[in-house]
Amino acid sequence: MSLGYAEKLSYIEDVGNVGMSEFFDSSHVLQEKIERLAEMIQKSKHLVVFTGAGISTSCGIPDFRGPKGIWTLQREGKPLPEASLPFHRAMPSMTHMALVELEKAGILKFIISQNVDGLHLRSGIPREKLAELHGNSFMEVCPSCGVEYFRDFEVETIGLKETSRRCSDVKCGAKLKDTVLDWEDALPTKEMLPAEKHCRMADVVLCLGTSLQITPACNLPLKCLRGGGKIIIVNLQKTPKDKKASLVIHGFVDKVIAGVMNLLNLRIAPYVRIDLLQVIITQSLSLDERYVNWNLRVASIHALKAPLPFIESIEVSFTDAQKYKAAVLHDQPFNLKRRTAPAEAFEILLKLNFSDGCGCPSIQINVPVNFKVSSDCFNLDKESAIQNLKERAIQDLCCGQNALIERKVILEPKTEVANHALVTNIKAFNSDSWSNGDVKHPRGVNGTKTSRKRSFGRKRKSRF
């Protein structure tokens, strides 16, 4: 989990067992168990997955209770671990993306997560098929109308407190709240009710990377037992629920799931991270009407004052370099003020230099400017444009593509707003490298090659 999240939690003396020993099934036993698990999943009618911090450790996010977990090190008085990536740039693991494929194939019906890292939503799991019991560090919610806002930055508070932003619905405008629970907060009914419902309906509840210690969440999988359902636990540590399980697997979650996906002949699509920003140009005539005073702003689509965490700096240049002076913007908010003649048309070249954790160093966006032309608004099919971006990124297996997805004009003051979608990360997976032999983390971004047999999510005939 985020080290910042752990530090924001209220202090309590007893956080349960920590520093728990890890166990590993032998390769022969592990393979037999993977085959049993694949068969149980393949035969299931209502599969529910229950996830914990262990599915995100391969994403560079430390867990809590493992030998090098946050609470383990805190109790031992040792320095906390360092995350390999900024929390907001963490990418879904092979397990996250495999669950997406299982959902698309109609096998996985629902996910219950104790994690606050937002990686299930980033992976592509539909919100209506996900219960986030402890909240989401990247989510804000309007307490008045219930609208949720999934952010590209970590929300600054936890404990269901008010944040610095408001609901964007003009009829509402209420102050937003974070969604992450502190110790004393009760599990939200909105998440618990569907979680309980699906556990009761489940014939298989697959618990991945969780010590099953935090109540009442840890008791949810048990609800399937009354209806004849089975519990499977995949975790490196022993759990209090092991005796209730039909199958307990001690192995890396990614390795186990990779083996299952191979046996089910399901291929895992790459993860493509899409980030959004807006380019805003506001103009006004000078007092003598000889010039246009204009202001360029590059901002978050989430709110004008929200951070753009994936942008380090912006280099601004122009097609006519002799007439217009270039600039480098280092500080947020990214603003540039200039004055030009009203009749002049030119093009602004924005080189966006990305921050740590992005898959490529920079991209360029071209912004045409013509103050004499009356610009019409247009709103492209956002989902289609983003899907096309993803397909191009997967085809090239590199990031850096971008597309204009919306453009609107505000008359007073005269302002043009252009929303852009950017491919800032891509991560490909080869489940064969995980299921055959030693665990190997998939390489992250540009230049990664995938197997030629990859079908990107197409379901093939099962081996069972």
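**Surroundings of His134, a cysteine cluster and two helices**

Ser113 counts as buried, at 1% relative accessibility; buried means under 20% relative accessible area, exposed over 50%, and partly exposed in between (1.4 Å probe, protein chains only). The structure is a predicted model, in which local features need pLDDT of at least 70 and side-chain atom pairs count only at pLDDT 80 or more, while totals for chains, interfaces and linings use all residues. Residues are numbered from 1 along each chain as its sequence is written, and side-chain values use heavy atoms, with hydrogens and water left out.

Ser113 belongs to strand β2 (residues 108–113); helices (H or I, at least four residues) and strands (E, at least two) are DSSP runs, numbered from the N terminus. A polar contact of 3.0 Å joins the side chain of Ser113 to the side chain of Thr51. The term polar contact denotes a pair of N or O atoms within 3.5 Å; within protein, one must be able to donate a hydrogen and the other to accept it, and residues adjacent in sequence count only if both atoms are side-chain atoms. When neighbours within four places in sequence are left aside, the residues in contact with Ser113 (heavy atoms within 4.5 Å) are Thr51, His120, Leu130, Ala131, Glu132, Leu133 and His134.

His134 carries the UniProt feature "active site", from an unreviewed entry. UniProt positions are given in the numbering used here, feature names are shortened, and annotations may be inferred rather than shown by experiment. His134 sits in the loop between β3 (130–132) and β4 (139–141) and is buried, with 14% relative accessibility. The His134 side chain reaches the backbone oxygen of Gln114 at 3.1 Å. Residues up to four places away in sequence not being counted, His134 touches Ser113, Gln114, Val116, Thr179, Val180, Leu181, Leu187, Ile214 and Ala217.

A second UniProt annotation, "binding site" (unreviewed entry), covers Cys142, Cys145, Cys167 and Cys172. These cysteines span 31 residues in sequence, yet no two of their C-alpha atoms are more than 8.9 Å apart, so they gather at one spot. Cys167 is located in the loop between β6 (162–166) and β7 (175–178), and Cys172 is likewise placed in the loop between β6 and β7. Cys167 is buried at a relative accessible area of 6%, whereas Cys172 is partly exposed at 26% relative accessibility. Neighbours within four places in sequence aside, Cys167 contacts Cys142, Cys145, Tyr149, Cys172, Gly173, Ala174 and Leu176. On the same basis, Cys172 contacts Cys142, Ser144, Cys145 and Cys167.

Helix α6 (residues 189–201) has 13 residues, which should span 18 Å at 1.5 Å a residue, and its end C-alpha atoms are 18 Å apart, in agreement. The expected span of a helix is 1.5 Å times one less than its number of residues. Glu191, Met192, Ala195, Glu196, His198 and Cys199 are buried in α6. The cover over these buried residues includes β1 (47–51), β2 and β3.

Helix α8 (residues 382–396) has 15 residues and reaches 21 Å from its first C-alpha to its last, close to the expected 21 Å. Its buried residues are Ala385, Ile386, Leu389 and Ala393. They cover an arc of only 95° around the axis, which puts them on the same side of α8; the arc is that of the directions from the helix axis to the C-beta atoms. In general, an α-helix has 3.6 residues a turn, so residues three or four places apart point the same way. The buried residues of α8 pack against β11 (271–285), β19 (402–410) and β20 (415–427). Exposed residues Glu383 and Gln395 are carried on the face of α8 turned away from its buried side.

Leu397 follows α8 and has a positive phi near 50°. Leu397 lies in the loop between α8 and β19 and is buried, with a relative accessible area of 11%. Asn265, which is not a glycine, also has a positive phi, of about 55°, and is found in the loop between α7 (253–263) and β11. The peptide bond from Thr215 to Pro216 is cis, with omega near 0°, and Pro216 lies in the loop between β8 (204–208) and β9 (230–234). A cis peptide bond also joins Gln332 and Pro333, with omega about 0°. Most residues other than glycine have a negative phi, and most peptide bonds are trans.

Over the protein chain there are nine helices and 20 strands, and 54% of its 464 residues count as buried.
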